[in-house]
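Biologist: Please take a close look at one part of this model, the aromatic rings and the strands around them, and give me the criteria as you go.

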Amino acid sequence: MGTIKWQDGQSWGFGCTFDGNDLFQVKVSGEECGPLCDRTPDCTHYAWSKEDNGTCWIKFGPISKRNATLSKDAWDMCGLSDFSLKWKLCGNKLDLYTLN
């Protein structure tokens, strides 16, 4: 069985995915997926695969690397937003998403 290959000192890795909590999906290269998440309000994490010539799933919600699951393809990628914290205003309640 394989393992998730987290990049040294980085918040992304190969051979992983995050299940559920999709905001949307879009066809982009793997290199564009993480930066797209960083530019998307409410995005806390993402997953990318070679499906359909490259698909990025922009995701939301409380997350950590421990939530990543092993993917079927070693070249799939997943990661957390580059921001270590994101705030989201929910009505009168302010929720803190920690990404460490």
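Modeller: What follows starts with the rings and then turns to the strands beside them. This is a predicted model, in which local features need pLDDT of at least 70 and side-chain atom pairs count only at pLDDT 80 or more, while totals for chains, interfaces and linings use all residues. Residues are numbered from 1 along each chain as its sequence is written, and side-chain values use heavy atoms, with hydrogens and water left out.

A search of the whole structure gives 2 aromatic pairs, where rings of Phe, Tyr and Trp (its six-membered ring) pair if their centres lie within 6.5 Å, and planes under 30 degrees apart count as stacked, over 60 as edge-to-face and the rest as tilted. Trp 12 and Phe 14 form an edge-to-face pair, because their ring centres are 5.2 Å apart and their planes stand at 75°. Phe 14 also pairs with Trp 75, with centres 5.6 Å apart and planes at 80°, so this pair is edge-to-face as well. Phe 14 belongs to strand β2 (residues 12-14), whereas Trp 75 sits in the loop between β7 (69-70) and β8 (77-80), so the contact ties together parts that are 61 residues apart in sequence; strands here are DSSP runs (E, at least two residues), and helices are such runs too (H or I, at least four), numbered from the N terminus. Through these ring pairs, Trp 12, Phe 14 and Trp 75 are linked into a cluster.

As to accessibility, buried means under 20% relative accessible area, exposed over 50% and partly exposed in between (1.4 Å probe, protein chains only). Trp 12 is partly exposed at 26%, and Phe 14 is partly exposed at 22%, whereas Trp 75, at 56%, counts as exposed.

The strand that follows the loop of Trp 75 is β8, and β2 runs antiparallel to β8, the two being joined by 3 bridges; strands count as paired if DSSP finds at least two bridges between them. Within this pairing, Phe 14 stands opposite Met 77 in β8. Strand β5 (residues 45-49) also pairs with β8 in the antiparallel sense, over 4 bridges, and Met 77 is the bridge partner of Trp 48. In a regular strand the side chains alternate between the two faces of the sheet. In β8 both faces are covered, with Met 77 and Gly 79 buried on one side and Cys 78 and Leu 80 buried on the other.
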